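Grab a pencil and open the model in your viewer. Work through each exercise yourself before you read the solution under it.

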Amino acid sequence: MFSLTGKKVWVAGHRGMVGSALIRRLASEACTVVTAERAQVDLISQEATHRFVADEQPQVVIIAAAKVGGIAANARYPVDFLYHNLMIQSNIMEASHKYNVQKLLFLGSSCIYPKFAPQPITEDALLTGSLEPTNEWYAIAKIAGIKLAQAYRIQHGRDFISAMPTNLYGPCDNFDLETSHVMPALIRKIHEAKQNGSPNVTVWGTGTPRREFMHVDDCADALIHVLHHYSELEHINIGTNQDIAISELAHMIADIVGFRGAIVHDHSKPDGTPRKLMSSERLRHLGWEPRVSLKQGINHTYRWYLDQSQQAPNDHDG
Ligand code: GFB
């Protein structure tokens with residue numbers, strides 16, 4: 001058991017959806033949380049990152065900082081998804097090694113696995129086949145991050161671990177329709193269709209791809225559990241063990257929002273990987289279970305979206 005009591009914990013990426021959920025979760029641990037504002041510390045700069053770690057001397061580091069986005073953003077910004085993520089994670093890991101961080105947790109994503117990996121996907125499926133082309137820039141950066149954490153463990157005996165969350169959603173998500181993931185996009189589209197009295201809502205692709213969704217508060221709780229109880233070379237999957245088809249998800253959101261119109265499909269948009277359900281048995285064996293059902297989670301996220309859109313009607317960028 002690794003204890004957080006009395007430790008200084010740096011959450012890199014504290015303004016993002018996962019980082020802000022980690023800050024909420026860490027409030028119930030007897031630790032001190034430190035954060036770096038983007039305007040002061042550019043994590044793409046090695047010099048700025050090293051200076052911050054040298055000044056703050058955290059004992060624990062969580063890398064939740066990353067360039068993330070949905071299927072369209074991945075296609076449009078390949079440099080950001082590859083270069084930015086490689087730089088951020090490499091700078092933080094090297095600085096953490098240099099300044100003797102006791103434990104580091106690196107976060108990736110289920111898109112590291114081959115497009116046609118057997119389902120549910122176990123951790124050992126990594127690097128057994130070709131990636132899904134719509135997100136290979138992001139996946140390659142994240143695979144490099146897993147390998148770098150392993151390399152620090154092997155070469156320098158560092159307690160660096162990696163966790164791979166499934167598709168996440170929740171408060172502070174990005175609701176911009178061009179760059180977001182499917183969950184915030186559908187919540188927003190369906191809400192606006194209801195408000196405008198539109199007869200239908202457009203869902204990208206065929207609606208047949210299946211995804212595993214996890215509420216970000218469950219994810220943050222699982223990550224703190226992993227920080228306490230996991231110290232292995234191999235990464236660990238973080239998921240719910242349940243998936244749903246995108247068309248079914250759209251109907252579930254429509255029910256919650258109260259939209260009675262039709263769901264139509266835009267077949268010119270990509271489907272991406274056909275199915276992405278991870279096996280989270282390793283996490284279950286550590287004694288962790290999800291608590292938020294998909295329905296509860298969508299309800300909670302929709303309420304958050306309504307609250308924040310009332311506060312800032314034109315700003316949905318999360
Ligand atoms: O969430 P999403 O953008 O990313 O899309 P991935 C999931 C599925 O939902 C795809 C469909 O089949 C989309 O075509 N979809 C339907 C929509 N309507 C919409 C919509 O309005 N917006 C969006 N965005 N999708 C991402 C990777 O893959 O998964 C990331 O690109 C990351 O890098 C993330 O790994 C977890 O699940 O396909």
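**Exercise 1: Odd spots in the backbone**

Asn-100 sits in the loop that joins α4 (78–98) to β4. Keep in mind that this is a predicted model.

Task: Find out what phi is at Asn-100, then look for what is unusual about the peptide bond from Gln-119 to Pro-120.

Solution:
- Step 1. Start with the usual case: most residues other than glycine have a negative phi, and most peptide bonds are trans.
- Step 2. Now check Asn-100: phi is near 55°, so positive, in a residue that isn't glycine.
- Step 3. Asn-241 is another non-glycine residue with a positive phi, about 70° here. You'll find Asn-241 in the loop between β10 and β11 (244–245).
- Step 4. Move on to the peptide bond from Gln-119 to Pro-120: this one is cis, and omega is near -10°. Pro-120 belongs to the loop between β4 and α5 (136–156).

**Exercise 2: The six-stranded sheet**

Task: Work out the strand order of the open sheet of six strands, and say which strands stand at the edges.

Solution:
- Step 1. Read across the sheet and you get β2-β1-β3-β4-β5-β10, with parallel pairing.
- Step 2. Look at the two ends of that order: β2 (32–34) and β10 (236–238) each have a single partner strand, so one side of each has no neighbour in the sheet.
- Step 3. Check the twist: on average, neighbouring strands of this sheet are turned by 25° against each other, ignoring direction.
- Step 4. Zoom in on β5 (residues 160–165) and β10, which pair in the parallel sense over three bridges. Ala-163 has Ile-236 in β10 as its bridge partner.
- Step 5. Add the helix: α7 (residues 216–229) lies across β3 (60–63), β4 (103–107), β5 and β10. Its direction is about 145° to β4.

**Exercise 3: The three-stranded sheet**

Task: Say how the open sheet of three strands is ordered, and find the bridge partner of Arg-210 in β13.

Solution:
- Step 1. The order is β11-β8-β13, and the pairing is mixed.
- Step 2. That puts β11 and β13 (275–276) at the edges, each pairing on one side only.
- Step 3. Take β8 (residues 210–211) next: β8 and β13 pair in the parallel sense over two bridges.
- Step 4. Follow Arg-210 across to β13, and its bridge partner turns out to be Arg-275.

**Exercise 4: Empty space**

Task: Find how many cavities of 30 Å³ or more the whole structure has, then describe the lining of the second largest pocket.

Solution:
- Step 1. Here's the idea: rolling a probe the size of a water molecule over the atoms shows where empty space is left.
- Step 2. Searching the whole structure turns up one cavity of 30 Å³ or more. The largest cavity has a volume of about 60 Å³.
- Step 3. See who lines the largest cavity: among them are Ser-110, Cys-111, Tyr-113, Glu-132 and Arg-275. By class, that lining divides into four nonpolar, three polar and four charged residues.
- Step 4. Turn to the second largest pocket, which holds about 230 Å³ of space. Its lining has 15 residues, with Phe-213, Thr-240, Gln-242, Ser-293 and Leu-294 nearest the centre.
- Step 5. Sort that pocket's lining and you get eight nonpolar, four polar and three charged residues. Strand β9 (residues 213–215) gives the most to it, with three residues.

**Exercise 5: The whole chain**

Task: Count the helices and strands of the protein chain, and decide how compact the chain is for its length.

Solution:
- Step 1. The count comes to ten helices and 13 strands.
- Step 2. The radius of gyration is 19 Å, close to the 20 Å from the globule rule for 318 residues, so the chain is as compact as a globular protein of that length.
- Step 3. For the overall span, the C-alpha trace covers about 60 × 45 × 40 Å along its principal axes.

Note on methods
Residues numbered from 1 in each chain as written. Predicted model: local features only at pLDDT ≥ 70, side-chain atom pairs only at ≥ 80, totals over all residues. Heavy atoms only, no water. 1 Å grid on protein atoms, 1.4 Å probe; cavity = no way out; pocket = protein on both sides within 12 Å on 5 of 7 lines; lining within 4 Å. Points joined across faces, edges and corners; volume = space filled by probe spheres on them. Helix = DSSP H or I, 4+ residues; strand = E, 2+ residues; numbered from the N terminus. Nonpolar A, V, L, I, M, F, W, Y, C, P; charged D, E, K, R; others polar. Pairing = 2+ DSSP bridges. Axes fitted to C-alpha atoms, helices over the stretch in contact; angles between N-to-C directions. Contact = heavy atoms within 4.5 Å. Rg over C-alpha atoms; globule rule 2.2 N^0.38 Å.
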